[in-house]
Amino acid sequence: QSFWGCRFVGVLLGNRQLLSSVIHRLWDLFHNQAASLSAVHILGLAAFMVHLHASMAVSPLVQLLPPMQIQAVPLADALSAAVLCNTHTSMIFSVRLCVAAVCYGLCRGDSVSPQQQQDYIPNSLYKKLLYLIPRLCPEARINSGCVCPDGQQEDSPTIPWSSITDDKNNWMKDVLHLWRHAAFQQLVQMPQYQ
């Protein structure tokens with residue numbers, strides 16, 4: 001994990017016209033080309049969204065047009081609103097993007113306290129996962145208490161990066177791994193992730 005995301009977001013925040021162009025392009029990409037993105041593209045976009053979220057203190061708020069919400073929202077939340085969940089294909093893309101972002105955020109924030117971890121995990125993407133996982137993965141409903149078959153809660157720090165970036169692997173296995181991960185479950189205790 002290099003620092004490209006921090007540097008790229010820093011450059012964008014210093015140039016509002018470039019930032020606006022990138023956000024508009026990503027909005028279009030999520031709406032019209034999401035199904036054609038490879039796993040590596042999804043991982044890069046997820047990392048970008050995590051870095052946007054981490055820069056919330058210095059990034060501008062965005063008013064979505066037409067207004068979907070009354071107030072302006074952070075950039076990462078605006079991009080999350082562009083990730084659709086209205087078809088099976090868009091739901092699968094959304095899950096893959098959200099899993100990649102949350103895994104990336106968990107890895108970026110694994111050396112900090114659970115309270116500081118929120119700086120690395122966009123709550124809008126986490127909420128999308130809470131909505132989508134039980135709908136797409138019936139196994140998650142069975143294990144809604146997030147207990148592994150052996151009765152122990154999964155708290156392994158291992159995030160399945162290789163399978164997230166491999167188009168051939170079963171994304172549902174990665175989703176269930178994350179769903180049962182203790183750090184993922186701890187976030188639900190924080191009000192902004194409920």
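In this predicted model, Leu129 touches a varied group of residues: setting aside neighbours within four places in sequence, Leu129 is in contact with Val95, Cys98, Val99, Val102, Pro134, Leu178, Trp179 and Phe184. Leu129 also belongs to the largest nonpolar core, a set of 55 residues in which Phe30, Leu97 and Leu129 touch the most other members. Many parts of the chain contribute to this core, since at least two of its residues come from each of H1, H2, H3, H4, H5, H7, helix H10 (171-180) and helix H11 (182-186). The largest share, 12 residues, is supplied by H5. As a general background to this picture, nonpolar side chains in soluble globular proteins tend to be buried together.

It helps to step back and look at the whole chain. The protein has 11 helices and two strands, and along the sequence these follow the pattern α-α-α-β-β-α-α-α-α-α-α-α-α. Of its 194 residues, 48% are buried. Among the contacts with a separation of 6 or more, 73% are between residues 24 or more positions apart.

The aromatic rings give concrete examples of such links. A pair of aromatic rings is described by the distance of the centres and the angle of the planes. The structure holds two aromatic pairs, and one of them joins Phe8 and Phe48, whose ring centres are 5.4 Å apart and whose planes make an angle of 55°, so that the pair is classed as tilted. Phe8 lies in helix H1 (residues 4-14) and Phe48 in helix H3 (residues 39-54), so this pair ties together parts of the chain that are 40 residues apart in sequence. The two partners differ in their surroundings, for Phe8 is partly exposed at 35% relative accessibility, whereas Phe48 is buried with a relative accessible area of 4%.

The other aromatic pair is formed by Phe30 and Phe93, which are also tilted, with 5.8 Å from centre to centre and 50° between the planes. This pair links distant parts of the chain, because Phe30 sits in helix H2 (residues 16-32) and Phe93 in helix H5 (residues 88-108), 63 residues apart. Here Phe30 counts as buried at 4% relative accessibility, and Phe93 counts as buried at 6%.

Helices also meet through their packing. Helix H4 (residues 75-82) and helix H7 (residues 123-136) pack at an angle of about 30°, and their axes are 8 Å apart. On the side of H4, the residues that take part are Ala76, Asp77 and Ser80, and they meet Asn123, Ser124, Leu125 and Lys128 in H7. Taken by type, the residues of this contact divide into two nonpolar, three polar and two charged.

One further matter concerns the cysteines, including Cys98, which was named above as a contact of Leu129. Why does Cys98 form no bond with Cys85? A disulfide needs two cysteine sulfur atoms within 2.5 Å, but the sulfur of Cys98 is 7.0 Å from the closest cysteine sulfur, in Cys85, and this is too far for a bond. Accordingly, Cys85 is in no disulfide, and a search of the whole structure finds zero disulfides. These two cysteines also differ in accessibility: Cys85 is partly exposed, with a relative accessible area of 24%, while Cys98 is buried, with a value of 0%.

Key. Residues are numbered from 1 along each chain as its sequence is written. This is a predicted model: local features need pLDDT of at least 70, side-chain atom pairs count only at pLDDT 80 or more; totals for chains, interfaces and linings use all residues. Side-chain values use heavy atoms; hydrogens and water are left out. Rings of Phe, Tyr and Trp (its six-membered ring) pair if their centres lie within 6.5 Å; planes under 30 degrees apart count as stacked, over 60 as edge-to-face and the rest as tilted. Helices (H or I, at least four residues) and strands (E, at least two) are DSSP runs, numbered from the N terminus. Buried means under 20% relative accessible area, exposed over 50%, partly exposed in between (1.4 Å probe, protein chains only). Axes are lines fitted to C-alpha atoms, for helices over the stretch in contact, and angles run from 0 to 180 degrees between N-to-C directions. Contact means heavy atoms within 4.5 Å. Ala, Val, Leu, Ile, Met, Phe, Trp, Tyr, Cys and Pro count as nonpolar, Asp, Glu, Lys and Arg as charged, and the others, Gly among them, as polar. A nonpolar core is a set of buried Ala, Val, Leu, Ile, Met, Phe, Trp, Tyr and Cys residues joined through side-chain atoms within 4.5 Å.
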